[in-house]
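Visitor: I am new to this structure. Please guide me through some of its features.

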Amino acid sequence: MNVALAKTTTGAVLDGTFAAARGRLPGVGTVAETRQQAFDDFARTGLPTRRIEEWKYTDLRNLLRDVAPLAPTPDQAALAQAAKLVEGLGTGDTQKLVIVDGVFAAGLSDLTSGGGVTVHALSAMLDDATSATRADLLRSRVADPMIALNAAFATDGMLIDIADDAAPSRPLHIVHVATRPSVAAFTRSLVRIGNRARVTLVESFVAAEAAKAYQAHDVAVIWIGDDSDLQHVRVMEDAGDAANIATAIVTVGARTKFNTFSLTTGGGVSRYQSFITLAGEDSELLTNSVHLLRDKQHGDCTFVIDHAAPNCLSREVFRSVLDDRAHSVFQGRINVHQVAQKTDGKMMSRSLLLSDEAEIDNKPELEIFADDVQCGHGATIGALDDSLLFYLRARGLPEKAAQALLIQAFVGEALESIASDDLRDVAISAAERWLESRA
Amino acid sequence: MAAVQETVDRVRQIDVDQYRYGFETIIESEKAPKGLSEDTVRYISAKKNEPAWMLEWRLEAYRRWLTMEEPKWARVEYPKIDFQDIYYYSAPKPKKTIGSIDEIDPEILETYKKLGIPLREIEALEGVVRPEGERKIAVDAVFDSVSVATTFQKELKQAGVIFMPISEAIREHPELVKQYLGTVVPTSDNFYATLNSAVFSDGSFVYVPPGVRCPMELSTYFRINERNTGQFERTLIIADKGAYVSYLEGCTAPQRDENQLHAAVVELVTLDDAEIKYSTVQNWYPGNSEGKGGIYNFVTKRGDCRGDNSKISWTQVETGSAITWKYPSCILRGDNSRGEFYSIAISNGYQQVDSGTKMIHLGKNTTSRIISKGIAAGKSQNTYRGLVTAHRKATNARNFTACDSLLIGDQCGAHTVPYIEAKNASTLFEHEATTSKISEDVLFYCIQRGLSQEEAVGLVVNGFVKDVLQQLPMEFAVEAQKLISISLEGSVG
C-alpha cells in the first residue's frame, strides 16, 4: 500500500539523518540511549498522518513530506543577524535567552542568575556526566511521535529553575531565531517553578530574511508548584513557508494560576499542542489562542486539558481569522477525571472566514468521568457581518479599514487576556502588522 | 449533598435485570445453519425467492466484507464477535399462507400485546368503532426476520403508497429497488453495512409517489426473538417529488444471556420538495446488572436529500442495547434542503452508547439542526459523536447544534466528540455543548414547592429532554416517555 511505502521511504531517509547527526547531539551514555529509544518510537509511526486521530486535520506526511536535515551550528554571520532581530523585538525589558538555529547563543543572552532564578543551557546539562538524571531531560509523560522525534534530535534549549517565593522583576524571554533555509532545528526547554512564585515567561519565534522553508521543532516542559502564578505569552512569527511544530507539557500544582496566550501569524505549517494537567486542587487555567492566517498557511492549535484534581477552573478561548486559502484547526479536549469533582471547564472556539477558499476544522471534545461538574463548549464559524460592515462604510471607512476594525474587535477578547501591558502591546502590534499587510 | 447521595443510592438499587420486556416467546422457527459463508448468503437469497441480480449483489457485498476490518474508533468495548457463531437467518415456520390477522400465530399476537402494542387492526376486526378522523398507524410487524403482518394495505394502496417487506418489494418492484438500494449506503460503506448487504433478512420498503402525502404514519415493530439470531434489517424509504411520509420504528427484545448482534441499514431518499420523518424508539435488552448479555446494536442509517427543497428528519429515543453504535446522517445534496436530528440517548447499568449524526452540506442554502440529549447513569458510558461539514460549494450553509449531557452518579462517563468543518466563508455554524448534573438549586426549589425528591428529578429530566420528545409523533411520544421513566427507574423516578 501507498501509506506503508511512504513510511518506509521517510523512515529510511531519516535513519540516515539520525545516524549522521548523532555525533553532534549532546549527551552520551544514558542520554544517547534515550535518544535512540525515542527515535525508535518515532520510527514506528513516522510522520503522523490523518489516520492518527490526534493528527487527523494536520497530516504532516503530506504537509512536511520529510524531516529536514539538522541545522549547522550558527556562525558569526548568523549570530550577527540574530542579534539584530532580537533588538527589533520590541518586547521591552525582558531577560532574553536566545537560541539560534537550535543552538543556545550565550553571547546574545542575559544569563544573570539571582532573585531565585537559575538558567542553564540544555546542551551543557545533557553533557554533564555527573548528573544521574540527565536523561530525564529528554523524557516526557506524553506519547506522541513529534515529541519523540524532538527527544531524539534535541540539540539545545533552556533549563530554567525558579525557586520558591521568587518573583523575578523582568519576564524571562526565550527567543528562537532561524537564519538558514531548508534545515531543521530541534529545541527543548524545561522550566521548573517552585511554590509561591510569580513568573512571566515569553516565547518568540522569528526568522531572518534568508531563512526559508526551514523547520522549527520545539518542546517546552513546565512544572508549576503550589500557590504560584505563571503568565505565559507565545508569539509565533516564523517565515510564511516554514514549519513550526511545537509542544507544551504543563503540570499545574494546587491553588496556582496559569494564564497562557499564543498568537500564530507565521509558519506555512504550524502546530502548537499543549498538554496541561491540573494536578492540584483549586487551580485556575486560562488559555487564549489566536490564529491570523492567510495564503496557504496551515495552523493547528491543539489543547488537551486534564482535570486531575477537584475544584479547578479552566477557560479556553480560541479565535481564528482566515484569509485566502488558509486552513486552521482547533482541537480542544477537556478530560475530567473521576476525582475531579466541582470542575468548571469551558471552551469557546470562534472562527472568521474572510475567503471562500479558507477552511476551518473544529473538534472540541469533552470527556467526563465525574458527575458534579459544569463543563461546556461552544463553537461558531461565520463571515464578517455585512450589516456591521455597511454601518462602518456608511461612516466613511474604506472597506479594508472597516474589516480591520471588525477583525480587531473579534480577536480583542483573546488579546485582552494578557496581563502585562508591554506584552499585550507586543501581541497587539503583531496582530496589527498582519492586518496592515492585508491592505 | 443529600440529593446526590439519594440519587446514587437509587441508581444502585435499580436492577437492570428488571427489564420489563425480557420474556421469550416460543414459536417454531426455521433457521439457516450457523455461520457465514457464500452458502449462507445463497440460502437466505433462495429462502426469499430472490432474483439472480439480488443474489449477485449480496455475494459481491459478502466478498467485499471478507476484506474489511471491524471499526475500532468508537468509544465502546466488547469481546470479539465470532461471526461464525451466529445464525444469519431465522423465520417463524410458515403454517399456511396468512390471509387475515386472525390466522397469525396467537403466540405472536400475545407478544405484541405484552409489549403494549396491540395491532390496531385487531380492534378493527373485532368491530371496535374508532372515532372519525383519529390518526391511524399501519404496522409492518417484523417478528424476528420476517414481516408477519402488514396492515392497512388497502388504504395505502388507494393512495398509491407502496409499504411492504423489502423481500416482497424485490420481487414485485425490482425496478424501484434496483434504482435506489445501496445508493445512500453503498455496499462497501462500512464493515457492518457491508455485512448487512450480504445477509439482510428482511425489512421495510416504502415508496411514496409524487405529490402524495402518506395518509397515515407507517410503523414497524422489531423484535429479536430466536436465540443467537443476528438481525439484519434493511429499510429503504423513498419519497418522490413533493411526497411526505412519517415512519416509526420501535424495538424491544427479550432477555438473553449471549450477546446478540444487530446490524441494520436504513436508507432514505427524498426527491424535490419531499419530506421524510423517521422516528425510532429503541429499547432492546441492555444486559443484566453485571453488564452481561444485551444487544449489540451497530446500525447504519443515512438519508439523502437528493432533490431541492427536500427535508429529512431523524428522531431517536435510545434507551436499550448493551452497545449502541449509530449515527443517523443527512446528506444535504439538493439546494435549500434541510436535515434534522433529535436524539435522546439514555444509558444505565453497563450500557455503552456511541451515537450522533453527520450533517453533510453539499447544496446551496442548506440548513441543519442537531439537538442531542445524553443521560448517563449507573456505570454507563455515553458518547455523542457528530460531524457537521460544509463543502466549498455549499454557500450559505447553516447549522445549529446543541448537545447536552446529564450525569447521574459518579461511576458513569459522558463524552462529546464533535467535528465541525467549514470550507466556505458564507457558512454559519453554531455549536454548543454542556455537561452537568441536576442542579441542587433546582431540586431544592421543586422540593420547596411540595414535590418529592423523585418527582423533582423526574420533572427536571423531562424538561431536559422536552425539545426532543416534542419531535416525536403523538403515538410514540407516550411510549417514549414511559420508556424513559423505565430506563431510569429508581435513579430519576
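Guide: A helpful term to begin with is pLDDT, the predictor's confidence in each residue, from 0 to 100. This is a predicted model, in which local features need pLDDT of at least 70, side-chain atom pairs count only at pLDDT 80 or more, and totals for chains, interfaces and linings use all residues. Residues are numbered from 1 along each chain as its sequence is written, with chains lettered from A and ligands numbered from 1 in the order in which they are written.

Visitor: What pLDDT does chain A average?

Guide: In chain A, 97% of the residues score at least 70. The average pLDDT of chain A is 91.

Visitor: Over which residues of chain A is the pLDDT below 50?

Guide: Where pLDDT is low, the predicted coordinates should not be read in detail. In chain A, the stretch with pLDDT below 50 covers residues 1–9.

Visitor: Is A:D295 buried or exposed?

Guide: A residue is buried if 20 or more other C-beta atoms, placed from the backbone, lie within 10 Å of its own, exposed if 12 or fewer, and partly exposed in between. A:D295 has a positive phi near 50° although it is not a glycine. Because 11 other C-beta atoms lie within 10 Å, A:D295 is exposed.

Visitor: What is the phi of A:S182?

Guide: A:S182 is partly exposed, since 13 other C-beta atoms lie within 10 Å. This residue is not a glycine, yet its phi is positive, at about 55°.

Notes: Two residues are in contact if their C-beta atoms, placed from the backbone, lie within 7 Å.
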